[in-house]
Structure formats: structure tokens, C-alpha cells
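Welcome, and thanks for taking a look at this one with us. Here is a short briefing to read alongside the structure.

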Amino acid sequence: MVTSDHVKDAPAKPAEEPYRYTYLMKTWSIEKSPPLQPFTHVDASSRALNYANPRTFLDSANVVEMMPAFRSEVQRLNLAELDGEGKDQLALNVACNGVIVLHNQQDFINWGLKFYTEWGRYFGPLHAHPLAGHPEGYPDIHLVYKDANSHFNTMDSITTTVWHSDCSFKLQPAGITAFWLLSQPKTGRDMLYTTQVLNLQSLSPTMANFLCTLKAMHTAVNSMCSKCSGMVRQEPIETVHPVECHTRLQVRKLYLLLNFFYDHVAMSTDHQVRIKWEPMSVVVWVRGTTAHTATSDYAHLKAHRHGARISAQAERPILALDGLKMDD
Ligand SMILES: [Fe+2]
């Protein structure tokens with residue numbers, strides 16, 4: 001029988017701790033972004049090519065191969081403490097493997113806004129997403145946020161899978177990108193990545209050569225209206241990574257042929273990896289040689305999901321075919 005004494009003696013329910021990442025809540029700037037400034041990009045990975053051993057940053061780490069095309073899932077490496085040489089090696093590793101997952105990154109995640117921007121700037125000028133919300137005063141940090149009251153756009157299509165490469169319309173789009181979660185559901189919203197290097201290499205030589213002769217229009221006019229200037233550009237459908245020297249595939253609009261490529265990217269599971277989020281994990285990828293999609297599969301959980309991303313701009317895509325002209 002429960003008496004009033006029992007009730008009095010019952011252990012108090014612990015008070016819920018205040019959410020520690022409130023300083024990373026979304027705000028939106030109303031100012032128009034300044035015009036993009038061209039710059040000469042020096043890829044950090046190119047410096048690592050000159051090191052006697054460009055893998056020393058992994059010396060004390062435990063590295064698990066996720067799959068042959070995406071090799072690295074890393075434990076026991078403190079991303080926040082990598083020095084310049086370590087960051088160069090990280091950039092080379094990601095350039096070669098497409099994506100790397102680093103677990104237990106409490107320091108990186110908790111050192112905060114100023115640290116995030118300094119870390120990202122090592123790899124190049126920071127990339128500001130034209131639409132995403134950002135922390136107050138830090139427009140270069142891209143935030144994602146959902147909670148029990150959020151709206152999920154899951155009814156417009158038979159699937160939430162949307163393979164893409166972020167902001168490819170920029171003259172010098174993002175290169176290396178890091179993304180981490182501050183709060184997450186128990187399960188769901190996995191990220192899938194595909195390697196565009198293998199997607200291209202698996203085509204017949206005839207088809208690959210044909211691709212070199214094509215151009216694609218990269219545009220965000222429909223989705224972004226007038227938030228940033230210079231939103232539309234044309235570029236060859238294939239470009240060459242300056243370090244990796246693999247030709248890669250970037251497609252947007254070629255109707256029937258384009259649908260073939262979309263299907264090829266979506267259905268080639270032998271070129272893909274699915275990453276399940278763990279608390280305090282950071283995923284780092286190279287935008288230009290990969291495509292990704294998230295899975296909006298957790299709306300019914302009414303869960304809190306909060307994440308942050310930082311990207312550094314990279315080179316202007318390089319023509320795959322001599323004689324092909326880049327259109328502005
Ligand atoms: Fe994306």
C-alpha cells in the first residue's frame with residue numbers, strides 16, 4: 001500500500017537538465033550575401049602528398065573499413081587536436097575515400113562556434129549556405145533542427161531519398177565538409193553516400209567519353225529566389241579533382257539521359273555506404289566526389305534532432321575535356 005510517507009520518501013525524479021546547445025539554435029539573416037569572391041584554392045590534401053607518410057594521423061586510431069569504396073570509420077582519434085599536418089592528411093584521406101566517420105568527438109563538438117569556424121577555415125574560405133539557418137553571428141555554420149513540433153515534408157513523394165551534391169551552382173562550391181549531431185533520435189535519419197568516382201568508372205568507355213562532351217546547368221533559382229547573387233552557372237558535366245585525378249560525374253538536367261544517370265547513382269548500392277548516427281560522431285566528406293541523401297524516416301518518433309555543419313569552399317570545377325569552354 002502506498003502511504004503518504006512512502007510518497008514523501010520516494011526518490012525525487014531528477015530535474016531535466018537544460019539543453020546545453022541553445023547557443024546553436026537557428027537564426028536567419030535578412031541581408032543579401034555579398035558577391036562571391038574568386039580565389040586560388042590550394043587543396044590541403046595536396047600538401048599531404050609531400051609527406052613521407054600521409055597516414056600518421058591515424059597512428060593511434062582504430063580504423064574500420066566500412067566497405068571497399070568508403071574505407072574509414074575511425075575510433076580513438078581526437079579531431080579537435082589535429083595540427084596542420086594532421087588536417088592535411090585528413091583532407092587527403094577524405095579525398096581518396098570520399099567520406100570518413102570519426103566517433104567520440106566530444107572536444108570537437110563541445111568547443112563551440114569559434115572553434116568550428118577556425119577549424120573549417122584551415123581548408124579554405126567558409127561556405128555559407130544561402131538558405132539554411134545559422135547561429136547568431138555565425139552565418140557560415142549550417143544548422144539543422146527538428147523537434148516534436150516540426151513539420152516533415154514526407155508526403156510529397158513516395159520516398160524521402162534525394163541524391164544530391166550541396167550547392168553545386170556556386171562558382172567555387174564547397175569541398176571538404178564536416179557534419180555532426182548535437183542531439184538525435186534513438187534511430188533514424190541515416191545518411192547515405194555514394195562515390196561519384198565509381199559511378200563514373202563503372203560506365204562504358206563510350207558513355208564516359210560521351211559525358212566529357214556534355215555540359216549541365218547547375219541552378220538554384222527555383223528554390224532560392226534572390227537570396228544570393230550569381231546563383232546560376234554552367235559547367236561541364238564532368239570535372240577533375242585537382243589532387244585525386246579521378247574524373248567525376250556531376251549531372252543536373254539531360255532529360256532521358258539524365259534519368260539514366262540518376263538511376264545509376266541511386267541503384268548502384270555497390271558504390272554506396274549507409275551511415276548510422278552515433279552520439280558524438282562527426283562525418284567528414286568531400287562534396288565534389290560524392291553525392292548523399294538523408295532518410296526522413298523518424299517523424300513519428302517526435303524526436304529532437306539538432307546538428308551543425310561547416311564547409312570550406314574549394315576550386316572552381318576543372319574541365320574534363322580539353323577545348324571545352326566553361327560558361328559563366
Ligand atoms: Fe545535402
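Two strands count as paired when DSSP finds at least two bridges between them. With that in mind, please note that this is a predicted model. The points below cover a three-stranded sheet, a residue in one of its strands, a helix and its surroundings, and the pairing of strand S5.

**The open sheet**
- The order of the 3 strands in this open sheet is S11-S6-S13, with antiparallel pairing.
- Strands S11 (272-275) and S13 (290-294) are the edge strands; each has a single partner strand, so one side of each has no neighbour in the sheet.
- On average, neighbouring strands here are turned by 20° against each other, direction ignored.
- Strand S6 (residues 191-195) pairs with S11 over 4 bridges in the antiparallel sense.
- One of the bridge partnerships joins leucine 192 to arginine 274 in S11.

**Alanine 291, in strand S13**
- Strand S13 contains alanine 291.
- Is alanine 291 buried or exposed? Alanine 291 is buried, because its 28 C-beta neighbours inside 10 Å meet the cut-off of 20 or more.
- Beyond the neighbours within four places in sequence, the contacts of alanine 291 include Trp163, His164 and Ser165, as well as Thr194, Gln196 and Val265.
- Valine 162 is 129 residues away from alanine 291 in sequence, yet their C-alpha atoms are 9.6 Å apart in space.

**Helix H3 and its surroundings**
- Helix H3 (residues 84-97) has 14 residues, which at 1.5 Å a residue should span 20 Å; the end C-alpha atoms are 20 Å apart, so the two values agree.
- H3 is mostly covered, with 10 of its 14 residues buried.
- Among the buried residues of H3 are Leu90, Ala91, Leu92, Val94 and Ala95, and also Lys87 and Asp88.
- What do the buried residues of H3 pack against? Their partners are helix H2 (44-48) and strands S2 (72-75), S3 (99-102), S5 (174-183) and S12 (282-286).
- Glycine 98, just after H3, takes a positive phi of about 85°.

**Strand S5 and its partners**
- Strand S5, one of the elements that H3 packs against, is itself mostly covered, as 8 of its 10 residues are buried.
- S5 runs antiparallel to strand S14 (residues 305-313), and 7 bridges join them.
- In that pairing, glutamine 313 of S14 is the bridge partner of alanine 174.
- S5 also runs antiparallel to S12, joined by 5 bridges.
- There, phenylalanine 179 has valine 283 of S12 as its bridge partner.

Note on methods: Residues are numbered from 1 along each chain as its sequence is written. This is a predicted model: local features need pLDDT of at least 70, side-chain atom pairs count only at pLDDT 80 or more; totals for chains, interfaces and linings use all residues. Helices (H or I, at least four residues) and strands (E, at least two) are DSSP runs, numbered from the N terminus. Axes are lines fitted to C-alpha atoms, for helices over the stretch in contact, and angles run from 0 to 180 degrees between N-to-C directions. A residue is buried if 20 or more other C-beta atoms lie within 10 Å of its own, exposed if 12 or fewer, and partly exposed in between; C-beta atoms are placed from the backbone. Two residues are in contact if their C-beta atoms, placed from the backbone, lie within 7 Å. The expected span of a helix is 1.5 Å times one less than its number of residues.
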